[in-house]
Amino acid sequence: MAYQTIKVDTAVGPVGAIITGVDISKPLSALAVKEINAAWLEHHVVFFRDQSLTPTQQADFAANFGDLDVYPFMTAVDSNPNVIPIIKEADAELNFGGAWHTDTSYVERPPKATVLYAVEVPDTGGDTLFADATQAFHDLSDGLKNILESESGIYSPKLVHGREGSYKQAAARSEMAKDYGGAEDFAEQEVEHPLIRTHIDTGEKSVYCSLPHTHRIKGWTREESIPLFKHLTEICTQDKYVTRFKWQQGSLAMWDNRCVFHNALNDYQGMRRHMHRVIVQGERPQ
Ligand code: SIN
């Protein structure tokens, strides 16, 4: 596609593109928004470098692509209700988002986009991996595709945010924000979604289930479901589908949770990492 307001460079890896030529701290023209959206739908994740964004400027940028959503498990920064801080302190062990997943797939209408901005990055490490779940679906055998498309998944936050979940336990060790108040019962809820999702804008199918968010296949036990989720994770996250993004202060990534998995690497022990995250409302997965 020929762009008039941005430059789009796909030499970043198997999925994603770097967008240059635009200052996203400023209000964007309708054409610029249309072109960024088109690049995002085509490449599934778009990256920007060297931006300088207040929380409200980040939220305003994200709002070009839909109504903003509120993440149920963390308190926003003081200056904007839609921006949550994602901070791993130097002495913490567990990081946020450190397993292959798509964001918040355990709610009825998971966010379509996540917009993540790097405030402070470690000297080394802390990269985020992105995997193309559409291409991975295309490459599955017809037999496995048929099984996955005829079943549905039971998704739940309980594996990470529930009473026994890993984040809850890290919060108890004071390693993560403690602000789970009021969300405790919600953290145990379950919702049914397809295992393979069809993108509402592109019509493409993608693998959607993930080990941390999909509790089980409907009608199966969790023990029966785990081997299939592990197998899918291994398939979908092969090098041929994965782009590794190295953050710099001022980098921003916007990914499409309907067709890309991500995994925040936890390889910077002893250093601090500070990000700001905004999510854009999505539709019920079909
Ligand atoms: C997330 O999973 O939303 C966080 C990703 C990251 O911090 O790189």
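Me: By class, how many nonpolar, polar and charged residues are in the shell around the ligand?
Reply: This is a predicted model: local features need pLDDT of at least 70, side-chain atom pairs count only at pLDDT 80 or more, and totals for chains, interfaces and linings use all residues. Residues are numbered from 1 along each chain as its sequence is written, and side-chain values use heavy atoms, with hydrogens and water left out. Ala, Val, Leu, Ile, Met, Phe, Trp, Tyr, Cys and Pro count as nonpolar, Asp, Glu, Lys and Arg as charged, and the others, Gly among them, as polar. By class, the shell has four nonpolar, four polar and three charged residues.

Me: Which residues are around the ligand?
Reply: A residue qualifies if one of its heavy atoms lies within 4 Å of the ligand. The list is Phe96, Gly97, His101, Asp103, Leu116, Thr128, Trp255, His262, Ala264, Arg273 and Arg277.

Me: Which strands each supply at least two residues of that shell?
Reply: Strands are DSSP runs of at least two residues, helices runs of at least four, numbered from the N terminus. The strands that meet the mark are E15 (260-264) and E16 (273-280).

Me: How far is a polar side-chain atom of threonine 128 from an oxygen atom of the ligand?
Reply: A polar contact is a pair of N or O atoms within 3.5 Å. Histidine 101 has a side-chain N or O atom 3.1 Å from a ligand oxygen. For arginine 277 the distance is 2.8 Å. For threonine 128 it is 2.6 Å.

Me: What share of the ligand's exposed area does the protein bury?
Reply: Accessible areas come from the Shrake-Rupley method with a 1.4 Å probe. Alone, the ligand exposes 260 Å². The share buried by the protein is 100%.

Me: Where does the ligand sit?
Reply: A cavity is a set of points on a 1 Å grid over the protein atoms alone where a 1.4 Å probe fits but cannot get out; lining residues have an atom within 4 Å of a point. To sit there, a molecule needs more than half of its atoms within 2 Å of the grid points. The ligand sits in the largest cavity.

Me: How much space lies in the largest cavity?
Reply: The whole structure has five cavities of 30 Å³ or more. A volume is the space filled by probe spheres set on the points. The largest cavity holds about 110 Å³.

Me: Which element gives the most to the lining of the largest cavity?
Reply: The lining has 13 residues, with Ile86, Phe96, Leu116, Trp255 and Ala264 nearest the centre. E15 and E16 each supply at least two. With three residues, the top contributor is E16.

Note on methods. A polar contact is a pair of N or O atoms within 3.5 Å; within protein, one must be able to donate a hydrogen and the other to accept it, and residues adjacent in sequence count only if both atoms are side-chain atoms. On a 1 Å grid over the protein atoms alone, a cavity is a set of points where a 1.4 Å probe fits but cannot get out, and a pocket is an open set with protein on both sides within 12 Å along at least five of seven lines; lining residues have an atom within 4 Å of a point.
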